[in-house]
Amino acid sequence: YKLDNLLEETELINNNMEAVPRLPMMHFELKTSPENVDFASKIRQLIVTNFGEDPASFAKEIKELETLRATSCIRVAESIDGVATLKKYFCQLGFLKSRFKVGPEGPFQFTWRDVYSGSDYTVTDISYELAAVLYNVGALHSRLGCAEQRQDSDGMKMAVAHFQCAAWAFHALPDQFPQDPESDLSSSLLALQSQLCLAQAQECILEKSVLDGRKPTIIAKVCSQVVEYYKQALRHLDTNGPKDDNIDNFGDIVGSKQLKAWRTFIDFKVSYYGALGLLHCGMMSEESQRMGERVAYYQAASDTLGLALKLGSKLDGDYRDVGDALQYSSDVINGKLDNSKKENEFIYHEKVPERDALQPVKGASLVKGIGWEPADP
């Protein structure tokens, strides 16, 4: 009679996480320029000085350049078309810089607003304009990735692509156009943003692996890498960038409130996906008929999810919508834990190992930054 009850309970337990609600993702604010640039008079002068040609012949092209800047830096469209416009303006800036040999003390004045402090400032270096636009390429991809619903395979694939494109832009920017280490384009801050975008791309791969019903072995490896990427982001936060940056911490740039929100959310995801990884390790043990070991994995998953529950209660703003995912995951994990304990007690009678004795699963990275070539027509 007890065995029949156990078998009935087993059938009632959800054996996978296919229907688990999606967790929110992190995105980054776009940089904006409060005013357009006087390209017209300056480029006319450059044309006369450098080539001795009639600048009136290029009125249409100059107007197009000014329009490109307005739609790339002042009013950025949050769409795929917006990304294309940003890239087009970036390319035109590169051609302008090369054709007219425009240096750091160029004839143009570019006014920008700091992402975090909101203060305005003006620069003459066209390389800074290029850096700001490349940053916006990354920021916009991060926002489009977050906007994807990720309820089906196509949505997940699009989100993966956006986050990988964002990761590349943030990673490439410091190498191409290094900026002030205390600014919103700090190399350390951009490295953190690139790392987080890779983590989120891997997270989308994990969601797709679960949706596709991949084997627990595969899901555990993908999950382990999600956790590792987020742990790397935490280590980056803790070290606060290279010592020669002369920055006390990222809070000096982004503000203590934003920094705390990021840290709490990253901590939450480390715990949440740590629990999911342990869950699938338990499923691996079950497939291999190591029934005492599966109890230990499910217990570790339940304990780790408990920490995620505590961290989830501290989330707010864009990150607070995690309750449904936590409840669903708790039902699956604790259902499996209770069932495995009963089966081991009544049927298998295997020794349950200590958590320290459980073998970690090596992660499998399936993402990388996706770049683009300005010279590509």
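A salt bridge here is a side-chain nitrogen of Lys or Arg within 4 Å of a carboxyl oxygen of Asp or Glu. With that in hand, look at E29, E78 and R143, which are linked in a network of such bridges. Bear in mind as you go that this is a predicted model.

That network is a good way into the charged pairs in general. Side chains of opposite charge can pair when their charged atoms come close. The structure holds 13 salt bridges, and a few of them deserve a stop on the tour.

Start with D184 and K31, whose side chains meet with an N to O distance of 2.7 Å. D184 sits in the loop between helix 6 (153-176) and helix 7 (187-211), while K31 sits in the loop between helix 1 (2-12) and helix 2 (39-51), so this one pair ties together parts that are 153 residues apart in sequence. How accessible is D184, buried or exposed? With a relative accessible area of 1%, D184 is buried. K31 counts as buried too, at 0% relative accessibility.

Next, hop over to E207 and R150, another salt bridge, this time at 2.8 Å from N to O. Here again the pair links distant parts of the chain: E207 belongs to helix 7, R150 to the loop between helix 5 (126-147) and helix 6, and 57 residues separate them. Both E207 and R150 are buried.

Now for a pair in another setting. E228 forms a salt bridge with R235, and their closest N and O atoms are 2.8 Å apart. E228 is partly exposed because its relative accessible area is 27%, and R235 is partly exposed as well, with a value of 43%.

While you're around helix 6, find C165, which lies in that helix. C165 is buried, its relative accessible area being 16%. Have a look at L198 as well: C165 and L198 are 33 residues apart in sequence, and their C-alpha atoms are 9.3 Å apart in space.

Let's turn to the strands. Strand 1 (residues 110-113) and strand 2 (residues 120-123) run antiparallel and are joined by four bridges. To see the register, pick out W112, whose bridge partner in strand 2 is Y121. R113, for its part, stands opposite D120 in strand 2. The two strands form a hairpin with six residues between them. Check the backbone in that turn: G118 has a positive phi of about 80 degrees.

The last stop is a helix pair. Two packed helices are described by the angle between their axes and the distance between the axes. So what do those come to for helix 10 (residues 256-287) and helix 11 (residues 291-312)? Their axes come within 8 Å and cross at roughly 165 degrees. Angles over 145 degrees count as roughly antiparallel, and helix 10 and helix 11 are therefore roughly antiparallel to each other. As for handedness, helix 10 passes helix 11 in a left-handed crossing. Sorted by class, the residues in the contact of helix 10 with helix 11 are 16 nonpolar, seven polar and four charged.

Notes:
Residues are numbered from 1 along each chain as its sequence is written. This is a predicted model: local features need pLDDT of at least 70, side-chain atom pairs count only at pLDDT 80 or more; totals for chains, interfaces and linings use all residues. Side-chain values use heavy atoms; hydrogens and water are left out. Axes are lines fitted to C-alpha atoms, for helices over the stretch in contact, and angles run from 0 to 180 degrees between N-to-C directions. Angles under 35 degrees count as roughly parallel, over 145 as roughly antiparallel, 65 to 115 as roughly perpendicular and the rest as oblique. A crossing is left-handed if the near helix is turned anticlockwise from the far one by less than a right angle, and right-handed if clockwise. Ala, Val, Leu, Ile, Met, Phe, Trp, Tyr, Cys and Pro count as nonpolar, Asp, Glu, Lys and Arg as charged, and the others, Gly among them, as polar. Buried means under 20% relative accessible area, exposed over 50%, partly exposed in between (1.4 Å probe, protein chains only). Two strands pair if DSSP finds at least two bridges between them.
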